[in-house]
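Okay, thanks for coming, everyone. I'll put the structure up and we'll walk through it together.

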Amino acid sequence: MSVEKVKAYLSQWNLQDQVHELDQSSATVPLAAQAIGVIPARIAKTLSFQGQEGCILLVAAGDAKVDNAKFKAQFHLKAKMLTPEQALEWTGHAVGGVCPFAIENPQVQVYLDVSLRRFDTVFPACGSSNSMIQLTCDQLQETSRAVGWVDVCKGWQEETAQ
């Protein structure tokens, strides 16, 4: 089970007990926000894209949308999302639970979008459609082993942090 793999992975930082499995689905931003009682923007959604020689995982705020021009300028590629089957193959996590943790494929690179930085803590999934963890942005960067921070999203600047 993917959530168990994520818990084992997060044990390196003694965070395994911080993973919460919910009674309801958290597979989408609105469902996750409702399930844990936060604004949708604080959900750290993980989007999977085709890379030049692998997969790009982009973790962004729940209210952010990928800006195609910014994405192309950053990655020198058109933003093309993986199919659900490809996402599972590359990341080991099914859509609805894709997260930046416990990724065993070295051809998967994780990037964090600056849209997350306006919050003290955010809530990424943990490998299943009903799991999450609350992390600071610094914890998210460390535990995801992110390549770095990028600015490839739009639509979130209009929202005020709550």
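Let's start in the sheet: which residue of β6 does Ala44 stand opposite? It's Pro124. Keep in mind as we go that this is a predicted model.

That pairing belongs to strand β2, residues 43-50, which lies parallel to β6, residues 121-124, with two bridges between them. On the β3 side, β2 has an antiparallel partner, joined to it by seven bridges. If you want one spot to look at there, Thr46 of β2 faces Val59 in β3. The two strands make a hairpin, with four residues in between. And β2 is mostly covered, with six of its eight residues buried.

Now, aromatics. I've got four aromatic pairs from a search of the whole structure. The one I'd show you is Phe49 with Phe71, a tilted pair, 4.8 Å centre to centre with 45 degrees between the planes. What does this pair link? Distant parts of the chain: Phe49 sits in β2 and Phe71 in helix α3, residues 68-75, 22 residues apart. Both Phe49 and Phe71 are buried. Add Phe75 and Tyr111 to those two and you have one aromatic cluster. Elsewhere there's a charge over a ring: Arg117 lies over the face of Trp149, 4.1 Å from the ring centre.

On to the helices. In α1, residues 2-10, the buried ones are Ser2, Val3, Val6, Lys7, Tyr9 and Leu10. Looking down the axis of α1, those residues fall within an arc of 160 degrees, so they line one face of the helix. For anyone who wants the background, an α-helix has 3.6 residues a turn, so residues three or four places apart point the same way. What do the buried residues of α1 pack against? They pack against β1, β7 and α5.

So let's look at α5 from its own side. Its buried residues are Cys137, Leu140, Thr143 and Ser144. They span an arc of only 135 degrees about the axis, and that puts them on the same side of α5. Their packing partners are α1, β3, β5, β6, β8 and β9. Right after α5 comes Arg145, with a positive phi near 55 degrees.

That brings us to the core. In soluble globular proteins, nonpolar side chains tend to be buried together. Here the largest nonpolar core has 48 residues, and which of them touch the most other members? Phe101 and Leu116 do. As for who contributes, the elements giving two or more residues are α1, β2, β3, α3, β5, α5 and β9. β3 has the largest share of this core, seven residues.

Let me stay with Phe101 for a second. Setting aside neighbours within four places in sequence, Phe101 has contacts that include Val6, Tyr9 and Leu10, which are among the buried residues of α1. Phe101 also touches Leu140, Thr143 and Ser144, and those are among the buried residues of α5. Pro124 is on the contact list of Phe101 too, and that's the residue we began with, opposite Ala44.

One last item before I hand over: there's a second, separate core of nine residues, with Ala33, Ala35, Ile43 and Phe123 among them. Okay, that's my tour, happy to rotate to anything you'd like to see again.

Technical notes
Residues are numbered from 1 along each chain as its sequence is written. This is a predicted model: local features need pLDDT of at least 70, side-chain atom pairs count only at pLDDT 80 or more; totals for chains, interfaces and linings use all residues. Side-chain values use heavy atoms; hydrogens and water are left out. Rings of Phe, Tyr and Trp (its six-membered ring) pair if their centres lie within 6.5 Å; planes under 30 degrees apart count as stacked, over 60 as edge-to-face and the rest as tilted. Buried means under 20% relative accessible area, exposed over 50%, partly exposed in between (1.4 Å probe, protein chains only). A charge sits over a ring if NZ of Lys or CZ of Arg is within 6 Å of the ring centre and within 35 degrees of the ring normal. Two strands pair if DSSP finds at least two bridges between them. The arc is that of the directions from the helix axis to the C-beta atoms. Contact means heavy atoms within 4.5 Å. A nonpolar core is a set of buried Ala, Val, Leu, Ile, Met, Phe, Trp, Tyr and Cys residues joined through side-chain atoms within 4.5 Å.
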